[in-house]
Structures are given as structure tokens and as C-alpha cells.
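Here is a short briefing to read with the model open beside you. Take a moment to turn the structure around before you start on the points.

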Amino acid sequence: MNNTQPEIPLFFSIDDKYAPYLSVALLSLVANTSTENFYHIHVLYQTLSLENQQKLSAIVTDQGNVKLEFISLKDDLYERLGKDQNTLRADYQTLTIYYRLFIADMFPQYDKGIYLDADVVIDQDIADLYKLPLDDQLVGVIPDAFISHDPQASYYAEKAVGVAHEKYFNSGVLLLNLEQLRAKHFSTHFLELMNNFHFQLIAPDQDYLNAICHEKMLLLENKWNYQTEYPLPVDRPVVIHYNLFGKPWCYDQVPYGELFWQYAQDSEFLAEIKQIKENYEKTPELAEHDAKHKDLLVQRLGEFPDLPITFKNEAAKGVQIRL
């Protein structure tokens, strides 16, 4: 990094299982960087072997404007929040489910950053997303295509989370206003809600973000989070997000699946990824398992809005949910 290059802070979170797919995301990201910027990638992890860290690090070895850093959630997040009186009254495993909600606290040196799920391909310069102005909004987000267009999912967003279904966003790509998240004491507010209520949620961290940030978010173009589970027309997506169950390393005919395999050709995990695909082709039980999980998701979408404790019900009682 030189003094003329703006730093772009990027955040992923994985475990060993997702290391192969992160390698593809990183290869795509690096292939589309600009020498005008410095890309500082932070990989938050719960368990990640030294071998996998070395394989991932090799992707940026010859990239003078890209730095890859690994941060143990156990060492950093647990210690940082363990000293806070508002710490979750739950075990460590529960805490790490919500890792992306604590990025602002874990990285006070940054005023802004991008969080990305690992199941993505980045096909243009991600710095263009970072440069979008947020003003005083807490997050820049993209609507969740499935929630917005499926009637039962839309019902869940409005009745359980308490937000307009067309504005319910997907948390797989987030432009984070870290300065404002700290100024508004976002994590403290989240922890208070978490400690006092036990909401039954479909996507816990995503639902909390939607419920809390609904009036302090900037809706962005779908090209920044093109979700393949429910693809919407986009001329040229920047971030392709293989969300929910339609993974190109499991199934054929996934939108932009060929792009994933294009970048995967340079991955040290390529043989492992191919083996996963072969296992799906040879083992019908794997697809059946995914189908059962999808059915369970749909079932819960119908059940959870009718529970007595929901974001919407508590807000109606006067509980402050939104910031």
C-alpha cells in the first residue's frame, strides 16, 4: 500500500468447510482489482486449518495492492465482548452466529467496509461498491429476491420481521457504515434485544439487521448482489451470490454457474470442489437432504409470523426495535 491508494476494507467469515468456495471468491476479486486501490481482506473464522490459510494466502502472494489477514473470532470477538456488560448471555457458539453484526466494534480503525458471504463471485471491481456514498445511513443493501417475490416469504418479512417485503434485504453483501454503526451503538442495541427476547427467526443475523436498520438503509442496485436462487433481470451483475440451495458446486444449470467454474480453475481447491460436485451427482440423498431443508424453511416461513414474540408484535407494544 502506498499513501496515494485508498484502502478498501473487505470482510468474509468462514470455517474449513467453506475455504474452497472462498478461494474462488478471492480469485475473482483479485482478478478484478485496480492498481489505484489497496484491498485489505479480513477473513474471520471459527476453525480454519493452517493448511487452508496457506492455500488462501497464496492467492494474494504476488498482489502488491491486496492484503489477506486471518482473524480468529474466538480470540478477537470473544475477548472484546467478554469485557462488555452487555455481552450475550449465551455460549460462544451462539455468539459467532452473529459475527457480521460486530464488525464495527471489532475494527474501530475503519469508518466504512464491505461484508461479503463466501459463496460469491465478484466479476468487476468491488471498489466501485465501496465508493458509493452512504451519508448517515447504517448500511447499503440489496433487496432479498426470494423474500420480495415469494408470497409466503413476503408474509414472513411483514408479519414477523415487521418490514415491507420489497425492502427486506439480503445480508450476503453489505456496504457498512461502520462509523455510524458505532455512533448509534448498534451492537449494544442488538444485544439488548437478544438478551430480552428470544425471537424465532429464519435467518437470525439477517432478520436482526432488517428489523433494526429498516429506516436507516440505502437500497442499492440488484447488480451488487445478484441472487441465483431467485434471479432477477440484471444486465451485468457485479457480485453473483449463489445463495440458499442453488450452489454450482452441487448442481448444474445454476445461473452464472459457468463463471464460478471459470474462476475455480485457478484454485488450489479445484480437485476438492470437483469431488463435491461428483458426490452430488452420484448420491441422490444429498439433493434430497437439501430439498428437506428447503421444505422446512418454507414451513417455518408460515409458522413463525404467528408466534406471540415477533419483532412486529414487540414494536406494537412500544419496544424500540429500529434505530
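The notes below go through the sheet, the helices and the pocket in turn.

This is a predicted model. Its seven-stranded sheet is open and mixed in its pairing, and α1 packs on that sheet. The largest pocket has a volume of about 1,700 Å³.

**The sheet**

- Following the strands across the sheet, you will meet them in the order β3-β2-β1-β4-β7-β6-β8.
- The edges belong to β3 (66-72) and β8 (217-219); each has a single partner strand, so one side of each has no neighbour in the sheet.
- From one strand to the next, the twist averages 25 degrees.
- Strand β4 (residues 113-116) runs antiparallel to β7, and four bridges join the two.
- For a landmark in this pairing, look at Tyr115, whose bridge partner in β7 is Leu174.

**Helices on the sheet**

- Helix α1 touches β1, β2 (38-45) and β3 where it packs on the sheet.
- The direction of α1 makes about 165 degrees with that of β1.
- Helix α2 (residues 50-58) also lies across β1, β2 and β3, and it runs at about 160 degrees to β3.

**Where α1 meets α12**

- Helix α1 (residues 19-31) packs against helix α12 (residues 257-264) at an angle of about 85 degrees, and their axes are 9 Å apart.
- That angle makes α1 roughly perpendicular to α12, because angles of 65 to 115 degrees count as such.
- On the α1 side, the contact is made by Tyr21, Val24, Leu27, Ser28 and Ala31; α12 brings Phe260, Tyr263 and Ala264.
- By type, the residues of this contact are seven nonpolar and one polar, with no charged residue.

**The largest pocket**

- The largest pocket, at about 1,700 Å³, is lined by 47 residues.
- Closest to its centre are Tyr18, Asp117, Asp119, Leu244 and Lys247.
- Two or more lining residues come from each of β1 (7-14), α4 (92-96), α7 (145-149), β7 (169-176), α11 (204-213) and α14 (284-303).
- Helix α14 gives the most to this lining, with seven residues.
- The lining divides into 24 nonpolar, twelve polar and eleven charged residues.

**Worth a second look**

- Which strands stand at the edges of the sheet? They are β3 and β8.
- Which strands does α2 lie across? It lies across β1, β2 and β3.

How values were computed:
Residues numbered from 1 in each chain as written. Predicted model: local features only at pLDDT ≥ 70, side-chain atom pairs only at ≥ 80, totals over all residues. Heavy atoms only, no water. Axes fitted to C-alpha atoms, helices over the stretch in contact; angles between N-to-C directions. Parallel < 35°, antiparallel > 145°, perpendicular 65-115°, else oblique. Contact = heavy atoms within 4.5 Å. Nonpolar A, V, L, I, M, F, W, Y, C, P; charged D, E, K, R; others polar. 1 Å grid on protein atoms, 1.4 Å probe; cavity = no way out; pocket = protein on both sides within 12 Å on 5 of 7 lines; lining within 4 Å. Points joined across faces, edges and corners; volume = space filled by probe spheres on them. Pairing = 2+ DSSP bridges.
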